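This report covers a pocket, a surface patch and the salt bridges of one protein chain.

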Amino acid sequence: MAGISPTKLSETVVRYLDDFNPWHNVRHFAQNVGNDILSGLTVAVIALPLALAFGVASGLGPETGMWAAICGGIFVGLFGGSKTGVSGPTGPKVVQLAAIVELTRLANGQADLGFIFSLVFLSGLVCVGLALLKVGRFIYYTPYSVVSGFMCGIGVIIVVLEIPAMLGFQTPSSVWEAIRQIPYDILHEDPRAVIVSGATFATIVLWPRISPVRWLPGPLIGLLVGTGIAAIFQFDIAYIGEMPTGLPKIYWPSFSRFDEMIGPATALAGLAIFDSLLTCLVADNMTDDRHNSDREIFGQGIANMMCGLVGGVTTATATMRTVANIKCGGRSGLAGLVHGVVLLALMLGLAPFASYIPIACLAGILLKIGIDIIDYRVLPVLHRMPFTDALCFWAVLLLTVSVDLLVAMGVGVAIAFVRVIHELGSLYEQDVVSVKQAKRQFPGDKVMPDELKERILKLRLEGPLFFGVSDTLYRVASSMNDYDYLMIRLHQVPMIDMSGAFLLDDIIDKAHANGAIVVITGLRPSTRRVLDKLKILDKIGHDRCFEKFNDAMVWIEQCEGIPVTDGEVNGGAVTDVVESGAS
């Protein structure tokens, strides 16, 4: 930082941190107030049973899921990077936390709440740190086939899981359990639940087509219709029921067992980032908007820190709630904030009003959400997709449904990565030819005797020299023989990694073993730095690295004792020919 004034440094820091200023979200709150409030109310009702269920699934109790939904809604609404993202407990994150809870139980079998909530707080700190490092931009390298497979997989999961609830049965804990259960449920359905869920679903589908009131979202009207039918006819079906209420207990974080916490906390933070940013990509595809990844990570960090303080499970931007928010007309963080405030009101005493909502009514809402989240843009072209894209899409979809999101995304990105490396390697241009056989003749041709030209082998490389092209270059190097000079042209090599550098080292060693002299032309500064650090240029000699092709030819002429006539050859100076003009 030498030479930078304190004032300039301060201004730079302020500009850097301005990206995380909540005002970027707050200034949009007034643009869509009516729809955002109604959307927040609807999403809160949808999130309520999910939050309770996720709290129970974590092994920490239903209220922990509620406090996570409250913190996620309020703080990601203020600090998050997606205008339509709604945060709260999610399936992948709760499964991850539940495993940690089981591994850290006390001797009496109770969950170690102090340790767990400190862990959640620390995971939030890790997210904040990563946000400040601005790592979020890398999510944009996720291929569309991966995002599309994830969207379709989530849609399938929601649809399959909600069918039993629509038929009057308890929602299964997994997709496979639902698939096994559905045939029995169809044969033994509860007509009252089917009426409520069917009426709710039909209302949501028909409302946009028949209603002149555009600002009332279909899911909210469907909720009122389904709940009204159940209340009027006094259907004896499953309702949300009573839920725990009251102020939270504060858990001040303790890092006395930091060495035990940092690993799990980093894993929680990593999944929070991946889960959240992937959902943000889904939201971007649905709204033609573009989220701020670093701000989203920062918002998740703040939300998870607050979860740790008030005793909530870990959070991430939830796909189901985000899609519901978009479909209900939410367009700013105000919707997520309202969703959190509504859940907070329920926790502080308004829970009896939610107890009248039938589970089948919520199932009808979620079924429509599941159908909407499927990526219909890609379905018509599935049979025309390139093989690797199709493989990636189906792998992500099937693994999302059958295993979990993290595995699915890892496999999808790996397939896409291998494909890119393979294609880059196949497109890599290289040429190895004797100077006499070169298609383009350089100005020194006529001066040099033909027998000398036949002793010079020119290896032309174009493109990044990295591990993906090692096989191609290895085969080229194996074909080189019968030469006294090897000229390696690197003018068109913009970068080189260790694999490429060591492959070049092997080519140089082979040339030296054959008694040949190696010269390099057109070495770029970035490539030179790598070869210098690995001591590869020392084997050649820095005096044999030339800027231009013809400079190397003049040097070879001098080595062979051939006089260079005043630099004029074919009407042009030898040293005037730039590297790119000599093949």
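A pocket is here an open set of grid points with protein on both sides within 12 Å along at least five of seven lines, and its volume is the space filled by probe spheres set on the points. The model is predicted.

**Pocket**

The second largest pocket holds about 400 Å³ of space. Its lining consists of 21 residues, and those nearest the centre are Phe138, Tyr141, Thr142, Pro143 and Val413. Three helices, α11 (258–287), α16 (387–402) and α17 (405–427), each supply at least two residues of this lining. The most comes from α17, which gives six residues. Sorted by class, the lining of the second largest pocket has 15 nonpolar, four polar and two charged residues.

**Nonpolar patch**

On the surface, Leu9, Val13, Tyr16, Leu17 and Leu132 make a nonpolar patch of about 380 Å². Helix α1 (residues 6–17) gives the most to this patch, with four residues. Leu17 lies in helix α1. With a relative accessible area of 43%, Leu17 is partly exposed, because partly exposed covers the values between under 20% (buried) and over 50% (exposed).

**Salt bridges**

The model has eleven salt bridges, counted as a side-chain nitrogen of Lys or Arg within 4 Å of a carboxyl oxygen of Asp or Glu. Three of them are listed here, including the distance between the closest N and O atoms.

| Salt bridge | N to O distance |
|---|---|
| Lys134 with Asp19 | 3.9 Å |
| Asp190 with Arg192 | 3.1 Å |
| Asp509 with Lys539 | 3.1 Å |

What does the salt bridge between Lys134 and Asp19 tie together? Lys134 lies in the loop between α6 (113–132) and α7 (144–166), and Asp19 in the loop between α1 and α2 (23–26), so the pair ties together parts that are 115 residues apart in sequence. Lys134 counts as buried, at 17% relative accessibility, and Asp19 is buried with a relative accessible area of 17%.

In the pair of Asp190 and Arg192, Asp190 is buried, with a relative accessible area of 18%, whereas Arg192 counts as partly exposed at 33% relative accessibility.

Asp509 forms a salt bridge with Lys539. This pair links distant parts of the chain, with Asp509 in helix α20 (residues 498–513) and Lys539 in helix α22 (residues 537–540), 30 residues apart. Asp509 counts as partly exposed at 34% relative accessibility, and Lys539 counts as partly exposed at 38%.

Salt bridges that share partners also join Asp19, Lys134 and Arg295 into one network.

Methods: Residues numbered from 1 in each chain as written. Predicted model: local features only at pLDDT ≥ 70, side-chain atom pairs only at ≥ 80, totals over all residues. Heavy atoms only, no water. 1 Å grid on protein atoms, 1.4 Å probe; cavity = no way out; pocket = protein on both sides within 12 Å on 5 of 7 lines; lining within 4 Å. Nonpolar A, V, L, I, M, F, W, Y, C, P; charged D, E, K, R; others polar. Patch = residues over 30% accessible without salt bridge, like charges linked within 9 Å, V, L, I, M, F, W, Y side chains within 5 Å. Areas by Shrake-Rupley, 256 points an atom, 1.4 Å probe, with all protein chains shown as cover. Buried < 20%, exposed > 50% of the residue type's maximum accessible area, 1.4 Å probe, protein only.
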